[in-house]
Amino acid sequence: MDPDYSDEMVDHVVDFFDRVAPFYDAWAGGQHGRVASRLVDLAAPAKNEHVLDVGTGTGLVAHLVAPRVNPGMVIGIDLSENMLRIARTNGKDKNVQFVGMAAERLVFRPETFDLVTMGEALAYFADPTEALAEAHRILRPGGRLAVSCLRRSLNTRAQDLFFQGLAPLARRHYLSLPRYSSERARFGEPDVLPQILSGAGFEVGRLTEMVTGGRTSDAREWTELMAGAGPLPYTLIRALGPRYRGELEAEVEAAMASLGDPDDAFRYHHSYVLVAARKR
Ligand SMILES: C[S@@+](CC[C@H](N)C(=O)[O-])C[C@H]1O[C@@H](n2cnc3c(N)ncnc32)[C@H](O)[C@@H]1O
């Protein structure tokens, strides 16, 4: 089991996705959908293929894959019931199903799928190594894996400043929140993700990158956007009552001003690395 694994962390992650489920598809102007679309293009699903979408969430990837493999099947698995509920109501394709299941414990027989997709999910899994071992097990010989991962090193100075302030903020409010090790933050680097996949028995093929970004108009919009960025900012920001929320927004304003260049203030980048690989 991954040293990062703890039941508390799994609960924290699943609780976050259960809560953000209704807003997930619209977050940051529908950015998750654009990443999903790029991942599906990279994965190149073909007619008749059987596909497993691991950490399917609201099914953004699965729903794009379904018409391309029809009459092949797509199964999307996830641990968040609220995400799965939305996945089941989105889309009309009959050849896609959504099931509650852990990425680390797939119930499928070995060598049953042609393609496994993992959109923006690997870094959230309790045990990424085990999740990749399971993907490898259920893929047919020569089967494909397509993974997308947030590349955090391309965050802006404004994001870095904000995220660095979260741990002290939690301490000030006596909130002890579980966190994954900092190693996870490097999963989406172009020199790290291929290595992880290669170590899991995959031959790495194409790697592509996608960079999106923008600016929020003020501290309120900024904290709202960042609340959707992960379990830690979400839990912290939602835990603050109106008074402390106001204080946080004032601190964010001051931090943005401290950047010097007004063009840097409230600017965010969301960058992704996408990799296609094949089972060795
Ligand atoms: C950022 S969302 C990605 C959703 C979707 N794949 C996409 O591309 O938009 C990550 C998903 O992984 C799921 N997840 C986290 N840990 C999991 C695990 N151990 N097994 C299965 N799913 C998990 C979460 O519930 C969440 O829905």
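**Exercise 1.** In this predicted model, find which residues Val252 is in contact with, leaving aside its neighbours within four places in sequence.

*Solution.* Begin by setting aside the residues within four places of Val252 in sequence, and then look for residues that have heavy atoms within 4.5 Å of Val252. The residues found in this way are Phe162, Ala219, Trp222, Thr223 and Phe266.

**Exercise 2.** Describe the largest nonpolar core, and state which helix gives the largest share of this core.

*Solution.* The largest nonpolar core has 37 residues, and those with the most contacts inside it are Phe17, Phe162, Trp222, Val252, Met256 and Phe266. Next, turn to the helices: at least two residues of this core are supplied by each of helix 1, helix 2 (27-43), helix 6 (157-164), helix 7 (166-172), helix 9 (219-227), helix 10 and helix 11 (242-257). The largest share, nine residues, comes from helix 1. Finally, there is a second, separate core of 30 residues, which includes Ala103, Phe113, Val275 and Ala277.

**Exercise 3.** Work out how helix 1 and helix 10 are placed relative to each other, and which residues meet where they are in contact.

*Solution.* First consider the axes of helix 1 (residues 7-24) and helix 10 (residues 231-239), which come within 9 Å and cross at roughly 65°. Because angles of 65 to 115 degrees count as roughly perpendicular, helix 1 is therefore roughly perpendicular to helix 10. The crossing of these two helices is left-handed. From helix 1, the residues His12, Val13, Phe16, Arg19 and Val20 meet Pro231, Leu232, Tyr234 and Thr235 of helix 10. Sorted by class, the residues of this contact are six nonpolar, two polar and one charged.

Terms used. Residues numbered from 1 in each chain as written. Predicted model: local features only at pLDDT ≥ 70, side-chain atom pairs only at ≥ 80, totals over all residues. Heavy atoms only, no water. Axes fitted to C-alpha atoms, helices over the stretch in contact; angles between N-to-C directions. Helix = DSSP H or I, 4+ residues; strand = E, 2+ residues; numbered from the N terminus. Parallel < 35°, antiparallel > 145°, perpendicular 65-115°, else oblique. Left-handed = near helix turned anticlockwise from the far one by under 90°. Nonpolar A, V, L, I, M, F, W, Y, C, P; charged D, E, K, R; others polar. Core = buried A, V, L, I, M, F, W, Y, C linked by side-chain atoms within 4.5 Å. Buried < 20%, exposed > 50% of the residue type's maximum accessible area, 1.4 Å probe, protein only.
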